[in-house]
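I opened this structure to look up two things: what surrounds the ligand, and how some of the helices pack. My entries follow in the order in which I made them.

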Amino acid sequence: MSVQLWTGCSVATMQAAAGTPYGWVEDAAIAVEGDRIAWIGPRDQMPGLLRKGCEQEHDCRGALVTPGLIDCHTHLVYGGDRAHEFELRLGGASYEDISRAGGGIASTVKATRAASEAELAAQSLPRLRALMGEGVTTIEIKSGYGLALDHEAKALRVARSFAREQAVDVRTTFLGAHALPPEYAGRADEYIDDVLRMLPALHQQGLVDAVDAFCERIAFSTAQTERVFKAAKALGLPVKLHAEQLSDSGGARLAARYGALSCDHLEWLGEEGAAAMARAGSVAVLLPGAFYFLRDTRVPPIDLLRKLGVPMAVSTDCNPGSSPCTSPLLMLNMACTLFRLTPEEALAGVTRHAAQALGLKDRGVLAKGMRADFVLWDVREPAQLAYAMGFNPHRQTVFGGRPR
Ligand code: NIG
Ligand code: FE
């Protein structure tokens, strides 16, 4: 047995069952064997056998330790940027105006299609590095800016390549039904036919962990979304949905019927949709960066979600149009400030509940048998992670048992 020991820290294990806020353990020890946690708890209760098997002891010098952060909703792989549209919006145009005028997602599609695979990776990597610099150890990356088989495959391959080349785990989501590509203008149902051809081909190439769609009046109807969900289910792939971002379109209810892992955005979520999510066990993924950047005024129904026991995750939504954000820490702050989450709920949102939103049972909390993905922070208490704006107290990340 070769054990790595991490001591001299306080740990926010984020275990709900711990019965303490944040699953708090003072003066803790974390014993790591391979890429797993072999034991975690108060240092003075650690079994003697583990200390004997200890190969190396790391003194955390008073750091706060949390689970590695999980960014469960991103569109990180894209070409170009939309700074010009930002200027247009400042001049009075709305996100929907720009989208209807052929800008918005369509302009990113153009830039993404024009980029080679290597260029797309080079443009996207700095964003990933920024997220990793704030302790992200698992990230979900969606396609949805290629909107044609070869370009969707290219983006998903870039996303997958990051898991091989960087010390980070990547889950990929096919979001073919993100927007109508220009060549299908006025023919949305025919484009969905194409999405249904792309999905099995991409799945066969091993590029798809889950399937998402954008169900909205500027994107796809519930009927079109349902066709995509049926195809996903036929392949045994889990679904999730961009739902009720700009209007109550009934997306959450539909997604719940398909046992969605998550429904995301949810500013316009109503009682029925929330109740359906609760019954289905779907996670509510809150995206305060998009809410802020689009200057939305309608807050997702947080009290209702709490009352119904719907788990809430928090994510960057990293994308060029509605949330050009690479800071999970800023999202903690915004989840608290804009959505009134408690700092503990916000931290659960980028750990335990984010893991659940991705269907991952081996991470998101620090406990025996879980992946040894954790972060050392130069703060005393977890609320400081949500409290500061634009300050990064990250000291070190351990990924799969190894310092990164
Ligand atoms: O999550 N809602 C749709 N998709 C993205 C925005 C994409 C874009 O504007 O490029 C989102 O907000
Ligand atoms: Fe999104």
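**Notebook: ligand and helices**

I began with the ligand, and found a polar side-chain atom of D317 at 2.9 Å from an oxygen atom of ligand 1. The model is a predicted one, and I read every entry with that in mind.

I looked for further polar contacts of the ligand. A polar side-chain atom of S322 is 2.5 Å from an oxygen atom of ligand 1. For H178, I noted a side-chain N or O atom 2.9 Å from a nitrogen atom of ligand 1.

How many residues surround ligand 1? I noted 15, and the closest are R82, Y95, Y145, H178 and S322.

Next I turned to the helices. Two packed helices are described by the angle between their axes and the distance between the axes.

I took α5 (residues 117-132) and α6 (residues 149-165) as my first pair; their axes are 10 Å apart, at an angle of about 50°. I therefore entered α5 as oblique to α6, since the angle falls outside the ranges for roughly parallel, roughly antiparallel and roughly perpendicular. The crossing of this pair is right-handed. On the α5 side I listed E117, L120, A121, S124, L125 and L128, and on the α6 side K154, A155, R157, V158 and F162. By class, that contact has seven nonpolar residues, one polar and three charged.

I then followed α6 to α7. These two pack with axes 10 Å apart and an angle of about 40°. That angle makes α6 oblique to α7. I recorded a right-handed crossing of α6 and α7. Here L149, E152, A153 and L156 of α6 make the contact with M198, A201 and L202 of α7. The classes are six nonpolar, no polar and one charged.

My last pair was α7 (residues 188-204) with α8 (residues 222-234). Their axes come within 10 Å and cross at roughly 15°. Because angles under 35 degrees count as roughly parallel, I entered α7 as roughly parallel to α8. The crossing of α7 and α8 is right-handed.

Which residues of α7 meet α8? I listed A188, D189, I192, D193, V195, L196 and L199 in α7, which meet Q224, R227, V228, A231 and A232 in α8. Sorted by class, the contact of α7 with α8 holds eight nonpolar residues, one polar and three charged.

Terms used
Residues are numbered from 1 along each chain as its sequence is written. Chains are lettered from A and ligands numbered from 1 in the order in which they are written. This is a predicted model: local features need pLDDT of at least 70, side-chain atom pairs count only at pLDDT 80 or more; totals for chains, interfaces and linings use all residues. Side-chain values use heavy atoms; hydrogens and water are left out. Axes are lines fitted to C-alpha atoms, for helices over the stretch in contact, and angles run from 0 to 180 degrees between N-to-C directions. Helices (H or I, at least four residues) and strands (E, at least two) are DSSP runs, numbered from the N terminus. Angles under 35 degrees count as roughly parallel, over 145 as roughly antiparallel, 65 to 115 as roughly perpendicular and the rest as oblique. A crossing is left-handed if the near helix is turned anticlockwise from the far one by less than a right angle, and right-handed if clockwise. Contact means heavy atoms within 4.5 Å. Ala, Val, Leu, Ile, Met, Phe, Trp, Tyr, Cys and Pro count as nonpolar, Asp, Glu, Lys and Arg as charged, and the others, Gly among them, as polar. A residue is near a molecule or strand if one of its heavy atoms lies within 4 Å of it. A polar contact is a pair of N or O atoms within 3.5 Å; within protein, one must be able to donate a hydrogen and the other to accept it, and residues adjacent in sequence count only if both atoms are side-chain atoms.
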